[in-house]
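Let's take a friendly walk through the side-chain contacts of this model, with a stop at one of its pockets. Have the viewer open as you read.

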Amino acid sequence: MLLDETPLFEPSLLYELDWSTSSVPFSPPISPSSPGQDLVLRPLCLADFNRGLYKVLSQLTLAGDVTAEQFNKHFEHMKKTGDYYIVVVEDTNLGKIVATATLIIEYKFIHSCAKRGRVEEVVVSDVCRGKQLGKLLVSTLTLLSKKLDCYKITLECAPKNVAFYEKFGYSVSEDSYMQRRFFD
């Protein structure tokens, strides 16, 4: 199966973000267009299946054994809906994905048929931690959700990560979060 460089969404969306409204300082300064030496922040593409995407995701949770065919099918579904914005950071020297995060847009009937953004699967490879890539991913997706006219953006995190997300203006909700798992 041919895995090509087709992006999940239009890359210009990332470079048109109003970075001046970011609430988090970066030292040294980095941005979607300049994430660091030998690093590129961009939309997920089909070829990322072979660039270690699942190796990075498995540092967050059980990623499973996924075939190229399964990956391609999900990618095409996500691209067709236009509601998935998965960004990756690629180390161009290694040709490997070193970080990724997902923004999913939900369409609501409430708030005058508004949209809500949801951040998921934020992970930076253990070999690249400390390079501000987590901050870059969360800032990028937060700004992107605003650009896409979401009325709010949410995420779920472990209690130990609350302080990290508060830097971006997120706050702990008074709502109870509940779940029911059907598979581990």
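A salt bridge here is a side-chain nitrogen of Lys or Arg within 4 Å of a carboxyl oxygen of Asp or Glu. By that criterion the structure, which is a predicted model, holds ten salt bridges. Three of them are set out below.

| Salt bridge | N to O distance |
|---|---|
| Glutamate 5 and arginine 51 | 2.4 Å |
| Lysine 147 and glutamate 16 | 3.7 Å |
| Arginine 118 and glutamate 106 | 2.0 Å |

What does each pair connect? Glutamate 5 lies in the segment before helix H1 (12-15) and arginine 51 in the loop between E1 and H2, so their bridge ties together parts 46 residues apart in sequence. Glutamate 5 is partly exposed, at 48% relative accessibility, while arginine 51 is buried at 15%. Both belong to a network of salt bridges that also links Arg42, Asp48 and Glu90.

Lysine 147, in helix H5 (residues 133-147), reaches glutamate 16 in the loop between H1 and E1, so that pair joins parts 131 residues apart in sequence. Lysine 147 is partly exposed, with 36% relative accessibility. For the third bridge, arginine 118 sits in strand E4 and glutamate 106 in strand E3 (residues 96-107), twelve residues apart. Are these two residues buried or exposed? Both arginine 118 and glutamate 106 are buried.

Now for the rings. The whole structure contains nine aromatic pairs. Phenylalanine 49 and phenylalanine 71 form a tilted one, with centres 5.3 Å apart and 40° between the planes. Phenylalanine 49 lies in the loop between strand E1 (39-43) and helix H2 (53-57), and phenylalanine 71 in helix H3 (residues 68-81), so the contact ties together parts 22 residues apart in sequence. Phenylalanine 49 is buried, at 18% relative accessible area, and phenylalanine 71 is buried at 6%. Ring pairs link these two with Tyr54 and Phe75 into a cluster.

Phenylalanine 26 has another kind of partner: the charged end of lysine 135 sits over its ring, 4.9 Å from the centre.

Last comes the second largest pocket, with about 800 Å³ of space. It is lined by 22 residues, and Thr154, Leu155, Glu156, Ser171 and Ser173 are the closest to its centre. Strand E4 (115-124), strand E5 (150-155) and helix H6 (162-166) each supply at least two lining residues, with E5 giving the most, four. By type, the lining divides into ten nonpolar, six polar and six charged residues.

Terms used
Residues numbered from 1 in each chain as written. Predicted model: local features only at pLDDT ≥ 70, side-chain atom pairs only at ≥ 80, totals over all residues. Heavy atoms only, no water. 1 Å grid on protein atoms, 1.4 Å probe; cavity = no way out; pocket = protein on both sides within 12 Å on 5 of 7 lines; lining within 4 Å. Points joined across faces, edges and corners; volume = space filled by probe spheres on them. Nonpolar A, V, L, I, M, F, W, Y, C, P; charged D, E, K, R; others polar. Phe/Tyr/Trp six-rings, centres within 6.5 Å; stacked < 30°, edge-to-face > 60°. Buried < 20%, exposed > 50% of the residue type's maximum accessible area, 1.4 Å probe, protein only. Lys NZ or Arg CZ within 6 Å of the ring centre and 35° of its normal.
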